[in-house]
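Colleague: Please give me a close look at the aromatic packing in this model. Put it in the setting of the surrounding fold as you go.

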Amino acid sequence: MSDVETETPNLAPRSALARFRLWLWIGVAVAAVALAAALMLRAPAGDDASKSYSAAFGGSFTMTDQNGRTVTEKTLRGRPYAIFFGFTRCPDVCPTTLTRMAQLRKALGADGMKFDIIFVSVDPQHDTREGIREYLGLFDTPIIGLSGTAEQLAGIVKAFHVFYEKVPVEGGDYTIDHTASIFLMDREGRFVTTIDHKEGQEVAVQKLRRVIDER
């Protein structure tokens with residue numbers, strides 16, 4: 001699958017609540033950057049600094065993949081991975097990001113299958129294992145789809161400092177605002193860097209090669 005059409009959800013007109021959510025998003029982004037910067041400034045020089053920064057994102061979690069297997073941070077060790085949080089009814093960011101990851105995997109050539117792509121659903125109310133399996137099958141590349149109970153989701157969201165929030169739309173339905181970054185983890189489950197949706201293909205490929213080559 002090479003192209004995905006994007007659409008804008010039918011959201012209610014912007015209100016004071018919407019403006020509040022915007023500032024909340026900004027606050028979350030600033031806090032994440034501040035956390036990373038603080039760790040880099042306060043940690044001892046050398047290997048200790050690198051370890052402190054790597055520990056800023058990621059941690060203990062237990063989820064279930066689309067085939068019913070239990071997945072934890074320990075079962076993922078041994079292979080680097082790119083992890084992204086979203087939901088199957090996401091109208092634009094999620095399909096665009098997953099399509100991009102499939103394209104980046106192809107751009108890496110023989111190295112493309114040396115890392116895992118992981119999609120974490122932040123919509124336990126709607127996203128079943130079967131639905132996630134069907135959704136991920138659209139992207140023409142192996143993707144691990146994770147879901148869990150509200151408690152399990154809270155655990156992995158906390159570990160990666162991810163923001164998500166249900167947003168009501170017309171007709172009584174909802175969409176979900178969520179962090180759009182892709183987190184890159186090394187083969188030991190340590191955070192390395194992120195891929196931002198605004199970054200070019202060459203930069204993203206270089207970051208993935210760095211994660212694949214890191215020991």
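Modeller: Start with the contacts. Among those in the chain with a separation of 6 or more, 71% join residues 24 or more positions apart. This is a predicted model. The chain has 215 residues, and 42% of them count as buried. It is built from six helices and nine strands.

Now the rings. The structure holds nine aromatic pairs. One of them joins Phe57 and Phe191: the ring centres are 4.7 Å apart and the planes meet at 55°, so this pair is tilted. A plane angle over 60 degrees would have counted as edge-to-face. The two residues are 134 residues apart, so the pair links distant parts of the chain. Phe57 sits in the loop between helix H2 (47-54) and strand E1 (62-65). Phe191 belongs to strand E9 (residues 191-195). Both Phe57 and Phe191 are buried.

A second tilted pair is formed by Phe119 and Tyr135, with 5.8 Å centre to centre and 50° between the planes. Phe119 is in strand E4 (residues 116-121) and Tyr135 is in helix H4 (residues 129-136), so this pair ties together parts that are 16 residues apart in sequence. Phe119 and Tyr135 are both buried.

The Phe57–Phe191 contact also belongs to a cluster. Ring pairs link Phe57, Phe61, Phe85, Phe160, Phe183 and Phe191.

Next, the sheet. Seven strands make an open sheet with mixed pairing, in the order E2-E1-E5-E4-E3-E8-E9. Its edge strands are strand E2 (70-72) and E9, each of which pairs on one side only. From one strand to the next, the twist averages 35°. So Phe191, in E9, lies in an edge strand.

At the other edge, E1 and E2 run antiparallel and are joined by three bridges. Thr64 has Thr70 in E2 as its bridge partner. Thr64 itself lies in strand E1. It counts as buried, because its relative accessibility is 16% and the cut-off is under 20%. Beyond residues up to four places away in sequence, Thr64 touches Arg69, Arg129, Gly145, Leu146 and Ser147.

Two helices are placed against these strands. Helix H5 (residues 150-159) packs on the sheet and touches E1, strand E3 (81-86) and E4. The direction of H5 makes about 110° with that of E1. Helix H6 (residues 201-213) lies across strand E8 (182-185) and E9, running at about 165° to E9.

Ile195 shows the H6 side in detail. This residue is found in strand E9. Its relative accessibility is 0%, so it counts as buried. Leaving aside neighbours within four places in sequence, Ile195 is in contact with Arg100, Leu104, Ser181, Ile182, Leu184, Ala204, Lys207 and Leu208. Ile195 and Lys207 are 12 residues apart along the chain, and their C-alpha atoms are separated by 7.6 Å.

Back to aromatics, now with charges. Tyr174 has two charged groups over its ring, from Arg89 and Lys166. The charged end of Arg89 is 4.9 Å from the ring centre. Lys166 lies over the face of Tyr174, at 4.4 Å from the ring centre. Residue 174 opens strand E7 (residues 174-178), a strand with four of its five residues buried.

E7 pairs with strand E6 (residues 164-168) in the antiparallel sense, over five bridges. Tyr164 stands opposite His178 in E7. Five residues separate the strands of this E6 and E7 hairpin, and Gly171 takes a positive phi near 90° there.

Last, the cysteines. The structure holds zero disulfides. Cys90 counts as buried at 8% relative accessibility. Cys94 is buried too, with a relative accessible area of 0%.

To recap the rings: Phe57 and Phe191 form a tilted pair, and both belong to the linked Phe cluster. Phe119 and Tyr135 form another tilted pair. Tyr174 has Arg89 over its ring, and Lys166 as well.

How values were computed:
Residues are numbered from 1 along each chain as its sequence is written. This is a predicted model: local features need pLDDT of at least 70, side-chain atom pairs count only at pLDDT 80 or more; totals for chains, interfaces and linings use all residues. Side-chain values use heavy atoms; hydrogens and water are left out. Rings of Phe, Tyr and Trp (its six-membered ring) pair if their centres lie within 6.5 Å; planes under 30 degrees apart count as stacked, over 60 as edge-to-face and the rest as tilted. Buried means under 20% relative accessible area, exposed over 50%, partly exposed in between (1.4 Å probe, protein chains only). A charge sits over a ring if NZ of Lys or CZ of Arg is within 6 Å of the ring centre and within 35 degrees of the ring normal. Two strands pair if DSSP finds at least two bridges between them. Axes are lines fitted to C-alpha atoms, for helices over the stretch in contact, and angles run from 0 to 180 degrees between N-to-C directions. Contact means heavy atoms within 4.5 Å. A disulfide is a pair of cysteine sulfur atoms within 2.5 Å.
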